[in-house]
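Please open the model in your viewer with side chains available for display, and follow the stops below in order.

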Amino acid sequence: MKYLLLIYSNPENWEPPTFLRAPEFLALPEDERAELTRQAEAGHAEITESGELLGGQALADPSLSRTVRVRDGTLAATDGPFIETKEQLAGYLVVDCDSPERAAEIAARIPDARFAAVEVRPLAEPSGQDGCGAVTA
């Protein structure tokens, strides 16, 4: 099953990898910061070598985004992200693994899970069946 791991972070710390600029990370002793960085690199190497990592990308600063809506045939575009929250989508990984538990295990090893959040979402199958009874368009 394929999963989308959505990495959230505070845009004030924006520059990938975002965890390196999180105040909570910077407050750690230097040896703990080095160990967390080593663990992140090891986790990425593991899922790359196992073939579980299918892809991923960091996103640019949310202030550069636009939100587009069409209502009654009229286009309305606004600068910036739609939601106003402390944490916003910073990037994503797509993984292919055996279970939701394994996807959560991979997500937990992303340092941003410690300082912000990583959401795990199953991807719908191309056939339209996503395992939850939903059908995609």
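Which side chains meet in a salt bridge of 2.8 Å, N to O? Select Arg 102 and Glu 52, whose side chains form that contact in this predicted model. The pair ties together distant parts of the chain, since Arg 102 belongs to helix H3 (residues 100-108) while Glu 52 sits in the loop between H2 and strand S2 (53-58), 50 residues apart. If you now add a surface, keep in mind that Arg 102 is buried and that Glu 52 is buried as well.

Keep these two residues selected and add Glu 46, Glu 105 and Arg 109, because salt bridges with shared partners join Glu 46, Glu 52, Arg 102, Glu 105 and Arg 109 into one network. As general background, side chains of opposite charge can pair when their charged atoms come close. The count for the model comes to seven salt bridges, and two further examples follow.

Next, move to helix H2 (residues 30-49) and select Arg 38 together with Glu 35, both of which lie in this helix, three residues apart, or about one turn. Here the closest N and O atoms of the salt bridge are 2.7 Å apart. Is this pair buried, exposed or partly exposed? Arg 38 has a relative accessibility of 44% and therefore counts as partly exposed, and Glu 35, at 31%, is likewise placed in the partly exposed class.

From the helix, turn to the strands and select Asp 79 and Arg 66, where the side chains meet in a salt bridge of 3.4 Å, N to O. This contact again links distant parts of the chain, with Asp 79 in strand S4 (residues 74-79) and Arg 66 in strand S3 (residues 66-71), 13 residues apart. Asp 79 counts as exposed because its relative accessibility is 62%, and Arg 66 is also exposed, at 54%.

For the last stop, leave the charged pairs and select Leu 59, Leu 89 and Tyr 92, which form a nonpolar patch on the surface with about 210 Å² of accessible area together. Within this group, Tyr 92 can be located in strand S5 (residues 88-96). With a relative accessible area of 30%, Tyr 92 is classed as partly exposed.

How values were computed. Residues are numbered from 1 along each chain as its sequence is written. This is a predicted model: local features need pLDDT of at least 70, side-chain atom pairs count only at pLDDT 80 or more; totals for chains, interfaces and linings use all residues. Side-chain values use heavy atoms; hydrogens and water are left out. Patches are made of residues with over 30% relative accessible area and no salt bridge: like charges are joined within 9 Å, nonpolar side chains (Val, Leu, Ile, Met, Phe, Trp, Tyr) within 5 Å. Accessible areas come from the Shrake-Rupley method with a 1.4 Å probe; for residues, only the protein chains shown count as cover. A salt bridge is a side-chain nitrogen of Lys or Arg within 4 Å of a carboxyl oxygen of Asp or Glu. Helices (H or I, at least four residues) and strands (E, at least two) are DSSP runs, numbered from the N terminus. Buried means under 20% relative accessible area, exposed over 50%, partly exposed in between (1.4 Å probe, protein chains only).
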